[in-house]
Amino acid sequence: MNVNGQWIETKQANISILNRGFLFGDGVYETIRTYAKKPFALEKHFERLKYSAEKLKIELPDLSLLTSIIYEGIERMTALIEDEEIYIRLIVTRGTSEFSLRIVSASPDFILIFRPLKSSGKEGVKIKISRIRKIPPESIDPRIKAIGQVDKILARLELSEDEYEAIMLSYNGYLAEGTMSNIFIVSNDRLITPSLETGILSGITRDVVIEIARKKSIEVEERFVELSELFNADEVFLTHTSAEIVPVRYVEKIEKKIGSITSILKAEFREYINEWLSNKNPG
Ligand code: PDD
């Protein structure tokens, strides 16, 4: 891993217990993955990181420095593992301060963790509707990807081992998102997903899926979605960086089929990645 520009073994890495990321969850993060050992959608991840950091007034390190560390980390990992893709966790915290929550001008810390990517190719998972509701977006902007995640932890505590994801509703009862993924449903051949104004993270995989669906002339609706629409949907899938499109087999006890639109989108996603890889300088 890399801490503030220094390469170090994970077990040897030290971050102060006065780090505000540790004390207060005062930091931002991105989860990035590679395809053919190239970091996917790096610019979009940086854009989102910048958005999160600006909202929390955390100063980001130079993005070209982060880029070169990401490429070097991928090279180092490639020397250790051949076949697997790489999972990259990029964290920036406000730095160290005293125990007080009072905002001080600290010097931010950044950490990059590199791991073999494990969660690719999940099929037919089970999801649960969480009792945890999202905070109104006017109150806490859900597009801030912050490391403090008490709502997500409470939601995941409700899961049993065979359940993959906890789906949270918005404060006013609309379908929102999972703790680590966005959700899509298919109903009468239309692809439907909660709109950003519902109060969700603007997922990078979600964006790609919407783009490729429209390219395939699949009708896409981004809007407020009722919970009953999820229960009645023909197909349901989740999207997130490390596992791309994850078909859902069970919404609680209701069985769903892994239908043709999900399969088309999965195939098109592969195609999208192949095209991206065949560009000379994928970014
Ligand atoms: N999670 N919604 C939430 C609340 C998320 O935390 C994430 C990402 C997503 C999907 O976004 P993307 O397609 O950009 O990965 C949606 C990452 C994977 C994480 O928590 O590590």
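# Close-up views of a two-domain predicted model

In strand E5, Ile88 is the bridge partner of Ile32. That pair is a handy place to begin a tour of this predicted model, and the legends below move outward from there.

**View 1. Ile88 sits within strand E5 and is fully hidden from solvent.** Ile88 belongs to strand E5, and with a relative accessibility of 0% it counts as buried. Leaving aside residues up to four places away in sequence, Ile88 touches Glu30, Thr31, Ile32 and Thr34. The other residues that Ile88 touches are Ile70, Ile74, Leu112, Ile113 and Phe114. One more distance to look for is the one to Gly73: this residue is 15 residues from Ile88 in sequence, and the C-alpha atoms of the two are 8.7 Å apart.

**View 2. Strand E3 is largely enclosed by the rest of the structure.** Nine of the nine residues of E3 are buried, so the strand has the rest of the structure around it. Follow the side chains along E3 and you will find Gly27, Tyr29, Thr31, Arg33 and Tyr35 pointing one way. Val28, Glu30, Ile32 and Thr34 point the other way, and both sets are buried. This is a pattern worth knowing: in a regular strand, side chains alternate between the two faces of the sheet.

**View 3. Strand E3 has a pairing partner in E5 and another in E4.** With E5, the pairing of E3 is antiparallel and runs over seven bridges. With strand E4 (residues 38–39), E3 is joined by two bridges, again antiparallel. Here Thr34 has Pro39 of E4 as its bridge partner. E3 and E4 make a hairpin with two residues between them, and Ala36 in the turn has a positive phi of about 50°.

**View 4. An open sheet is built from six strands.** Reading across the sheet, the order is E2-E1-E6-E5-E3-E4, with antiparallel pairing. The edges are strand E2 (6–7) and E4, each of which pairs on one side only. At the E2 end, strand E1 (residues 2–3) pairs with E2 in the antiparallel sense over two bridges, and Asn2 stands opposite Trp7 of E2.

**View 5. The largest pocket lies between the two domains.** Its volume is about 970 Å³. Among the 41 residues that line the largest pocket, Tyr29, Lys145, Ala146, Gln149 and Lys152 are the closest to its centre. Two or more lining residues come from each of strand E3 (27–35), helix H2 (42–56), strand E5 (86–93), helix H4 (150–157), strand E9 (175–178), helix H5 (204–215) and strand E13 (235–240). H4 gives the largest share of this lining, four residues. By type, the lining divides into 15 nonpolar, 15 polar and eleven charged residues. Domain 1 (2–117) and domain 2 (125–273) both give residues to the lining, so the largest pocket lies between them.

**View 6. The second largest pocket has a volume of about 280 Å³.** The residues lining the second largest pocket are Met1, Trp7, Ile8, Glu9, Thr10, Gly73, Arg76, Met77, Leu80, Ile113, Phe114 and Arg115. Helix H3 (63–80) and strand E6 (109–116) each supply at least two of them, and H3 gives the most, with four residues. Seven residues of this lining are nonpolar, two polar and three charged. Two familiar names return here: Ile113 and Phe114 of this lining are also touched by Ile88.

**View 7. One cavity of 30 Å³ or more is found in the structure.** The largest cavity has a volume of about 60 Å³. Its lining consists of Arg33, Tyr35, Phe40, His45, Ile204, Thr205, His240, Thr241, Glu244 and Phe269. E3 and H5 each supply at least two residues of the lining of the largest cavity, which divides into four nonpolar, four polar and two charged residues. Each of domain 1 (2–117) and domain 2 (125–273) provides at least three residues of the lining.

**View 8. The chain is assigned two domains, domain 1 (2–117) and domain 2 (125–273).** Their C-alpha centres lie 26 Å apart. Where the domains meet, the contact takes 23 residues from domain 1 and 22 residues from domain 2.

Definitions and conventions
Residues numbered from 1 in each chain as written. Predicted model: local features only at pLDDT ≥ 70, side-chain atom pairs only at ≥ 80, totals over all residues. Heavy atoms only, no water. 1 Å grid on protein atoms, 1.4 Å probe; cavity = no way out; pocket = protein on both sides within 12 Å on 5 of 7 lines; lining within 4 Å. Points joined across faces, edges and corners; volume = space filled by probe spheres on them. Nonpolar A, V, L, I, M, F, W, Y, C, P; charged D, E, K, R; others polar. Domains from an automatic or database assignment. Buried < 20%, exposed > 50% of the residue type's maximum accessible area, 1.4 Å probe, protein only. Pairing = 2+ DSSP bridges. Contact = heavy atoms within 4.5 Å.
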